[in-house]
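Me: I am new to reading protein models and would like to go through this one slowly, with questions that can be settled from the sequence and the coordinates.

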Amino acid sequence: MEMASLNRQSTFKLTAADVIPKGKSKCKDDNEDLSFVCNTCNVAVCISCVTGSHKRHDLSKLRDSISRLKASNEVELYSKVQEATTNMKKIEEGIQAFDVKVERVVKAITEEGTHIKAMVDKCVGEMIASVKDQSRKERDKLTQKMAVTKVDLKAGSDLDKNLYELYKTRNDGKLLQSLQTLTDDIANLTIEPLTEYPDVHHTAKSVTDHDILQLFGTFNISGVRKGQTGHRENELQKPKRYGNVLCKIYSHDNVTSSSTV
Ligand SMILES: [Zn+2]
Ligand SMILES: [Zn+2]
């Protein structure tokens, strides 16, 4: 990890000191050691400059300025590294918390789906029971009609037997009377007329993905603002160009999409 470099700073100081050349740089104007710093002009100056062109300017010893800068840089860098370390920890925790939440949402959607499927199964069962129950009533009516027609048929068959018997009888007044009675019986034999038959059919309904989606709750992902990562994100993604494009499309979709649409 990068943080390790901070711990190595003391070692770095030693090595740096060994490398620094012994000779001091000279003032171009006065050819003297640049031992001071003019804070007003932000430039290293020599003893002659101090009393000359930089007179009454805010001056300090070069050595002091350098150690002050080294110290303040160390403090600043340390605090930045600390901040980055803290942020890393927070981001890691944030990712973990987000993962847990995503899992929770996935579980909720799964449970909702299971519940809806169970409801659909129950509904199918009830519809089948209902169609069987209601059609049975209509079927029973037809069976009753068949029984009545059977009685009619029996009566007709009986009359037919009578008719045949009368053919074997002598032609007299009694036969005439019997024939007249038979005529009346035939007239009275009413055949139950056929009414319409029951019908049953199913009208399918075209169910779309959208309709199914309406049965479910919605989820919403509030995205991280792009500005928070800025150009660094692009730097990180630069090496894998193709992946970068895909990744962007994905992250864009991820942030803006929601099943409410
Ligand atoms: Zn000088
Ligand atoms: Zn100056």
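Me: In which helix does Ile 109 lie, and is Ile 109 buried, partly exposed or exposed?
Reply: In this predicted model, Ile 109 is a residue of helix α4. A residue needs 20 or more other C-beta atoms within 10 Å to be buried, and 12 or fewer to be exposed. Ile 109 has 14 C-beta neighbours inside 10 Å, so the answer is helix α4 and the class is partly exposed.

Me: What separates the C-alpha atoms of Ile 109 and Phe 216 in space?
Reply: Along the chain, Ile 109 and Phe 216 are 107 residues apart. In the folded model, however, the distance between the C-alpha atoms of Ile 109 and Phe 216 is 7.8 Å.

Me: How many residues of α4 are buried, and what span should α4 have at 1.5 Å a residue?
Reply: Helix α4 has 106 residues, and its end C-alpha atoms are 153 Å apart, which agrees with the span expected at 1.5 Å a residue. Helix α4 lies largely in the open, because the number of its residues that are buried is zero. The two values asked for are therefore zero buried residues and an expected span of 158 Å.

Me: How many of the residues in α5 are buried?
Reply: Helix α5, residues 173-188, has 16 residues and reaches 23 Å from its first C-alpha to its last, which is close to the 22 Å expected. Helix α5 is hardly covered, and the count of buried residues in α5 is zero.

Me: In what order do the three strands stand in the open sheet?
Reply: The three strands form an open sheet in which the pairing is antiparallel, and their order is β2-β1-β3. The edge strands, each of which pairs on one side only, are β2 and β3. From one strand to the next the twist averages 35 degrees. The order asked for is thus β2-β1-β3.

Me: Which helix packs on the sheet, and what angle does its direction make with that of β3?
Reply: The helix that packs on the sheet touches β1, β2 and β3, and it covers residues 62-167. This helix is α4, and its direction makes an angle with that of β3 of about 80 degrees.

Me: Which residue of β2 is the bridge partner of Cys 38?
Reply: Strands β1 and β2 pair in the antiparallel sense, and their pairing runs over three bridges. For Cys 38, the bridge partner in β2 is Val 43.

Me: Which residues make up the largest nonpolar core?
Reply: Buried residues make up 2% of the 261 residues in the protein chain, and the largest nonpolar core has five residues in all. One of these five is Val 37, whose contacts beyond four places in sequence include Leu 59, Leu 62 and Ser 65. The full set is Phe 36, Val 37, Val 45, Cys 46 and Cys 49.

Me: What is the phi of Asn 42, and is Asn 42 buried or exposed?
Reply: Asn 42 lies in the loop between β1 and β2. With 7 other C-beta atoms within 10 Å, Asn 42 falls in the class of 12 or fewer, so it is exposed. Its phi is positive, although Asn 42 is a residue other than glycine, and the value is near 55 degrees.

Note on methods
Residues numbered from 1 in each chain as written. Chains lettered and ligands numbered in written order. Predicted model: local features only at pLDDT ≥ 70, side-chain atom pairs only at ≥ 80, totals over all residues. Helix = DSSP H or I, 4+ residues; strand = E, 2+ residues; numbered from the N terminus. Pairing = 2+ DSSP bridges. Axes fitted to C-alpha atoms, helices over the stretch in contact; angles between N-to-C directions. Contact = placed C-beta atoms within 7 Å. Expected span 1.5 Å × (residues − 1). Core = buried A, V, L, I, M, F, W, Y, C linked by C-beta atoms within 7 Å.
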